[in-house]
Amino acid sequence: MLTLNQVKKILVDYFVGHAQIKQVIYGNDVEFNADRQINYPACNIEYLNSDVSGKLLNYNYKIVLADISNPDDDEMSDNIISDALQIAEDFLSYLEYTEGFIFNGSSNLEPFLDDTGDRTTGIVFTLAIGTIRNSNWCNKPVN
């Protein structure tokens, strides 16, 4: 079973190594939106929660892929969203073929336009990354 810290490292390392991403932040939306020193295009990885389903432990994340945009240039926004979709496709393919993960290949990719801080455009998506849960034999009652 992969721990939360191991999954975090794998995700961060993936996006740090992606040729189209210049900065990776692991934090919530507030931290991401408050940072004025971001080097775009950027990725924000936010851990949401975990759930147990049978022998699986699912780690749930929200991923934001963003770049600086001009709100008056629709073509620029379309290009940014198109690039972000390609990056997301690279990432989802990576998850499908990475040992230790169970990924069902399902995620909803939503475009966004945001001008609460930096004027950014991109996509946001959530996903569940499953790992096989090991039974803790020490906690099982003995008959």
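## What packs over α1

In this predicted model, the cover over the buried residues of α1 includes three strands that come early in the numbering, β1 (23–26), β2 (42–53) and β3 (56–68), along with α3 (74–96) and β5 (120–132).

Which residues of α1 are buried? Val7, Leu11, Val12, Tyr14 and Phe15 are. They sit on the same side of α1, because the arc they cover around the axis is only 155°. Flip to the other side of the helix and you find Asn5, Lys9 and Val16, which are exposed.

## The helix itself

α1 runs over residues 4–16, so 13 residues in total. How far apart should its ends be? At 1.5 Å a residue, the expected span is 18 Å, and the end C-alpha atoms are indeed 18 Å apart, so the two agree.

## The strands β1, β2 and β3

Now to the strands named in that cover. β1 pairs with β2 in the parallel sense, with four bridges between them. In this pairing, Tyr26 stands opposite Ile45 of β2.

On to β2 and β3: parallel or antiparallel? Their pairing is antiparallel, over 11 bridges. Here Asn49 faces another asparagine, standing opposite Asn60 in β3.

## The hairpin

β2 and β3 form a hairpin with two residues between the strands. Which residue there takes a positive phi? Gly54 does, with a value near 60°.

Definitions and conventions:
Residues numbered from 1 in each chain as written. Predicted model: local features only at pLDDT ≥ 70, side-chain atom pairs only at ≥ 80, totals over all residues. Heavy atoms only, no water. Expected span 1.5 Å × (residues − 1). Buried < 20%, exposed > 50% of the residue type's maximum accessible area, 1.4 Å probe, protein only. Arc of directions from axis to C-beta. Contact = heavy atoms within 4.5 Å. Pairing = 2+ DSSP bridges.
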